[in-house]
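Let's take a walk through a protein together. Have a look at the picture below, and then we'll go through it piece by piece.

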There are 2 protein chains.
Amino acid sequence: TIETCDGAVLPPPPQSNAPSETLEIDRGTPDAHVSRDSRMIRLTGVHPFNAEAPLTELFREGFLTTPELFFVRNHGVVPEVHDENVLDWEFTVDGMVETPLKITLQKLVAEYEQQTYPVTLVCAGNRRKEQNMVRKSKGFSWGPAGVSTALFTGVVMSDVVRRAKPRKGAKFVYMEGADKLPNGHYGTCVKLSWVLDPNRGIMLAYKMNGEMLRPDHGKPLRVVIPGQIGGRSVKWLKKLTITDQPSDNWYHIYDNRVLPTMISPEVAAEGSKWWTDERYAIHDLSPNSAIASPAHGERLRLLEGGDVYTARGYAYGGGGRRITRVEVSLDQGRTWRLARIQYVEDEYRKADRILYGGKLDFQWRDTSFCWCFWTLDIPVQEMSEAKDILVRCMDEGMCVQPRDVYWSVLGMMHNAWFRVAIMREADELRFEHPTQPALIPGGWMERVKAAGGDLTNGFWGEQISGLDAVRPAKP
Amino acid sequence: TIETCDGAVLPPPPQSNAPSETLEIDRGTPDAHVSRDSRMIRLTGVHPFNAEAPLTELFREGFLTTPELFFVRNHGVVPEVHDENVLDWEFTVDGMVETPLKITLQKLVAEYEQQTYPVTLVCAGNRRKEQNMVRKSKGFSWGPAGVSTALFTGVVMSDVVRRAKPRKGAKFVYMEGADKLPNGHYGTCVKLSWVLDPNRGIMLAYKMNGEMLRPDHGKPLRVVIPGQIGGRSVKWLKKLTITDQPSDNWYHIYDNRVLPTMISPEVAAEGSKWWTDERYAIHDLSPNSAIASPAHGERLRLLEGGDVYTARGYAYGGGGRRITRVEVSLDQGRTWRLARIQYVEDEYRKADRILYGGKLDFQWRDTSFCWCFWTLDIPVQEMSEAKDILVRCMDEGMCVQPRDVYWSVLGMMHNAWFRVAIMREADELRFEHPTQPALIPGGWMERVKAAGGDLTNGFWGEQISGLDAVRPAKP
C-alpha cells in the first residue's frame with residue numbers, strides 16, 4: 001500500500017497480469033515480439049495495434065489502469081527493444097539550443113530528478129464511433145474507452161530542455177519517435193512555454209505503475225503530456241528539437257486536427273491549406289464524460305418501488321483544468337441533477353514520498369491531470385419513466401459539453417452529451433449505449449439511424465412531438 | 001500613428017472626448033465627482049454606475065474602446081482621487097511574504113519595468129439579459145456590450161510579488177480595492193501560479209490608451225487580469241495579500257460564481273454551502289461571440305438578387321486561449337459557414353517599442369488576451385429565406401459555444417449561440433437581436449415568450465414541425 005503524509009492510504013495500482021505470450025493473432029505480424037491481452041478490442045484489424053479495453057473492464061480497474069488494458073494507439077510497427085539495451089537507449093536534444101545534448105536512459109535516471117505522478121492519457125479519437133455514426137469520418141471507431149490512467153515515473157521535460165539552453169526566439173519543442181512509418185518517423189510538437197510551465201507537468205517517462213514501459217506504450221522512453229491528447233505524447237522517444245516554427249512532420253500536419261465542420265473529406269483532400277493552419281491542431285483535451293453504469297446491454301429488474309440505482313461514469317478536462325461539476329438529465333436536457341465527484345488524483349496530491357524511484361510530491365501544483373469518477377443515485381421508478389440518461393460535465397473555465405455533435409473530417413474530440421437510452425421491456429429496463437467500439441454492432445445510434453431518424457435533430461433522432469415543444473422550461 | 005518594427009501601422013486608439021462635466025443624472029449622487037458619457041446605458045438605475053455602450057457604438061470604435069464607452073461595473077461609490085494625489089497613492093503587499101512592501105504609484109513607475117499591451121476586459125454578466133429572459137437570475141441585465149478593450153500600461157504583477165518574496169505554501173494573491181461597500185471593501189483573489197506565469201500577463205495598470213485611468217476604471221491604479229472575468233480585475237487597488245487559502249471576502253464568495261444549474265435562488269439563499277465551493281468560482285472567461293451587424297432593428301431592402309450582406313461581430317476566449325474559428329448558421333445549426341477572423345491583437349504582437357511609457361513587446365507570448373472580429377459575406381437572397389443568423393466560436397482547446405443556455409442563479413457566463421432573428425416584412429428584412437440591455441424592451445426573446453414559446457426547447461421557442469425533425473442531416 002501507498003500511504004500519504006496524513007496517513008491516508010492511496011489506492012495501489014490494480015493487479016497486473018503481464019501477458020507473457022504472443023497472441024495467436026499477432027504471430028506473423030511485425031509485432032510478433034509484443035505480448036498483449038486478448039480482452040483488448042482491436043479497432044484497425046490485426047495490425048497496427050489500436051485498441052481499447054471493454055468499458056466495463058476498464059472501469060472495474062478503477063483510477064489506475066493496468067498496462068495491458070491501457071488503450072493503445074500505434075501508427076505502425078512497435079520498435080523492439082530488449083531489456084538489456086534499455087539503459088543504452090539514447091535520445092538527442094538539438095535545434096535552437098546553446099548546448100545540444102545526447103542523453104541515454106541511464107544518464108536520464110542518474111543525473112536528473114526523478115518524479116512520479118498520475119496522468120490520464122486520452123486519444124483524440126475517444127468516442128469517435130458516435131461521430132462516425134452521424135457521418136463517416138476519416139478515423140477509425142473508438143468507443144469511450146480510449147482513456148486510461150497510470151502513475152508515470154520519469155523526468156520533467158523542462159529539466160532536460162533547460163539544460164540544453166534554448167535560444168531566444170525558440171517557441172516549440174518537436175518530438176520524434178523511433179517508429180518508422182510510411183510518411184517518416186512519427187513526430188509532433190508542443191509549445192516551449194508549456195514545456196517550461198511547471199503546472200503543465202510535461203514529462204519524459206520510462207515507468208508506468210512502477211514497471212518499465214511495455215512495448216505498446218513506448219518502451220523504453222516516451223513523452224507524457226498531461227491534459228493534452230495522447231497523440232502529442234510521443235512514444236519510443238529519440239529526438240527533441242527546439243524550433244521557432246511548428247512541426248512540419250506529416251503526422252503533425254495530417255493527424256490530430258479538428259478542421260471546421262463544413263470542410264468535407266473531398267475539400268480536405270484537395271490540398272494542404274486546411275491542414276497547415278495551426279489553429280486547427282488539437283493540443284488540450286476538451287471536457288468529456290461517459291456513463292459506465294448502466295453498461296450497454298445491462299438489464300434492471302423493476303421491483304416494487306423504493307429501489308435506487310447508482311449510475312457511474314468518468315469525466316476529464318483538458319489543459320490541466322479540473323472538472324468542476326458533472327450533471328445528469330433524465331428528461332432530455334430540460335433539468336439536471338448534480339452528481340457526486342470523486343477526485344482520486346487529489347489523494348495522491350497529499351503524498352510527499354518516493355514512489356517507484358520518483359518523487360511523488362505535487363501538492364503545490366494547481367492543475368488537474370486525471371480523470372475523475374462520478375456517481376448519482378437515481379430512483380428506479382424515475383428511470384423507468386425516462387427515455388434516457390444524459391451526462392455532461394463542465395471544467396473550471398466554465399466550458400460545458402454541448403448537446404450538439406461537432407462533426408469534423410478526422411472525427412476527433414467528440415464530446416457531445418453522452419446518452420444511454422432506456423428501453424422498457426416487460427418488467428425490465430434494458431440500457432443501450434450510443435455505440436459499441438470498432439465494427440461491433442449495437443447501440444441506439446444504429447437503431448435510430450436504421451429507423452430513419454436524424455441523429456442531429458437536437459433530440460438524438462427521436463421523434464419530436466408538438467407537446468415537447470411547448471412544455472414549460474424548468475432550467 | 002503607431003508603427004511596428006516591420007513597418008505596419010497599428011490602429012491608434014479611437015478619438016476620446018473625455019466628458020468634462022458631471023451629467024445631470026449624477027448630480028446629487030455620491031458619484032457627483034465623476035464625469036460620464038451620456039450614451040452609456042445604465043443597468044442598475046442611477047447609482048451605482050453599471051453601464052455598457054450601445055453595441056453599435058462600441059463596435060464602431062473598433063478594436064480599442066474609448067474610456068468613456070468602456071463598460072463599467074461599480075459595486076458602490078467611486079473613490080475620489082485628485083490628480084495632485086495620484087502619485088502618492090499607496091498599496092501594500094503583505095501576507096505570506098518575506099518582505100512586506102508599501103509601494104506608491106510614484107515608486108511603481110520609477111522602480112519597476114513598465115509595460116503596455118492591449119487587453120480585453122469582459123464582465124462575467126455579459127449577455128445576462130438573455131439568461132434573465134429564460135428565467136430571472138439574481139443579476140442585472142447586461143446586453144452583449146459588457147466587453148471592451150484598451151491598451152493598458154503598468155507593471156506586471158509578478159514583478160511586484162516576487163520582490164516581496166512569497167513564502168513556501170503560498171497559493172493565492174488576494175486583491176482589495178478602496179471602494180467601501182456594505183459588506184466591506186471589494187476584494188477577491190487569483191492563483192499565485194497564474195500571477196507568476198508570464199503567459200498570463202496579470203498586471204497593475206494606471207493608464208488606459210495612454211491616459212491616466214478615469215475614476216470609473218480604477219483611478220489611479222487597478223489590476224488587469226487578461227482572459228479572466230472583469231470581476232477579478234480589482235479597481236482602486238490598495239492591497240495585495242499572499243495567502244494559502246482562497247479569499248473569504250464577501251464579494252469573492254457571493255459574486256462571480258456559476259452555481260450548478262439546478263440550484264434555485266431559494267436553495268442558494270439557504271446557506272453558504274453552495275457559495276464556498278471554489279469549484280464554482282469563475283476565473284477564466286469561456287468562449288463567446290455576438291453579432292453586431294445586422295444590428296437590432298436594422299432593415300435591409302430586398303433588391304433584385306446578387307447583393308451580399310457582410311455580417312460582422314466579435315468573439316473572445318478565456319484563459320489566454322485564442323479563438324480559432326467562428327461559424328455562422330442560417331439553418332438553425334444544421335450547417336455552418338466559416339467566418340473570416342481579424343486578430344487585431346496580432347498587429348500589436350509585431351511591435352517592439354515604447355508606447356505610453358511602457359514597453360510594447362509581447363511577440364514571445366503564446367496567449368491571446370483580446371477580442372477578435374469576424375465577418376461573413378452572405379447573399380441577401382439566402383438571408384431572405386432564413387429564419388435567423390446564428391454565430392458560435394471555438395477556442396484553441398476545442399471548446400465550442402453550446403446551443404443550450406446554462407442558467408444559474410447569478411446568471412453569469414451566458415455563452416449560448418448568439419441568434420439574430422430575421423423577420424420578412426414586405427420587401428424588407430428586419431433584424432431582431434435576442435434582447436436589449438437593461439429594461440429596454442425589444443428582441444425576439446420577449447416576442448417568443450409573449451407568444452407562449454419555450455425559449456429552452458432547443459429551437460429558441462420556435463414551433464418545431466415534424467418536417468424539421470426528419471430533415472436529413474448535412475453536418
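In what order do the six strands of the open sheet in chain B come? Reading across, the order is β17-β27-β26-β25-β19-β20, and the pairing is antiparallel. The strands here are DSSP runs of E with at least two residues, while helices are runs of H or I with at least four, and both are numbered from the N terminus. Two strands count as paired if DSSP finds at least two bridges between them. At the edges stand β17 (299–301) and β20 of chain B, each with a single partner strand, so one side of each has no neighbour in the sheet.

Before going on, a word about where this comes from: this is a predicted model, in which local features need pLDDT of at least 70 and side-chain atom pairs count only at pLDDT 80 or more, whereas totals for chains, interfaces and linings use all residues. Residues are numbered from 1 along each chain as its sequence is written, chains are lettered from A and ligands numbered from 1 in the order in which they are written, and side-chain values use heavy atoms, leaving out hydrogens and water.

Now zoom in on one pair of strands. In chain B, β26 (residues 418–425) and β27 (residues 428–432) pair in the antiparallel sense over five bridges. Look for Ile422(B), which stands opposite Phe431(B) in β27(B).

Next, step back to see both chains. A turn of 180° with a shift of 0.0 Å along the axis lays chain B on chain A with an RMSD of 0.0 Å (superposed by least squares on the C-alpha atoms of residues with pLDDT of at least 70 in both). That is how a two-fold axis relates things. In chain B, the C-alpha nearest the axis belongs to Pro402(B), 2.5 Å away from it.

So what happens where the chains meet? Here, 64 residues of chain B are in contact with 64 residues of chain A, where contact means heavy atoms within 4.5 Å. About 5100 Å² is buried between them, with carbon and sulfur atoms giving 53%; buried area is the accessible area (1.4 Å probe) that two parts lose on being put together, summed over both.

There's charge here too: the rule finds 10 salt bridges across the interface, each a side-chain nitrogen of Lys or Arg within 4 Å of a carboxyl oxygen of Asp or Glu. One of them joins the side chains of Glu396(B) and Lys191(A) (3.4 Å, N to O).
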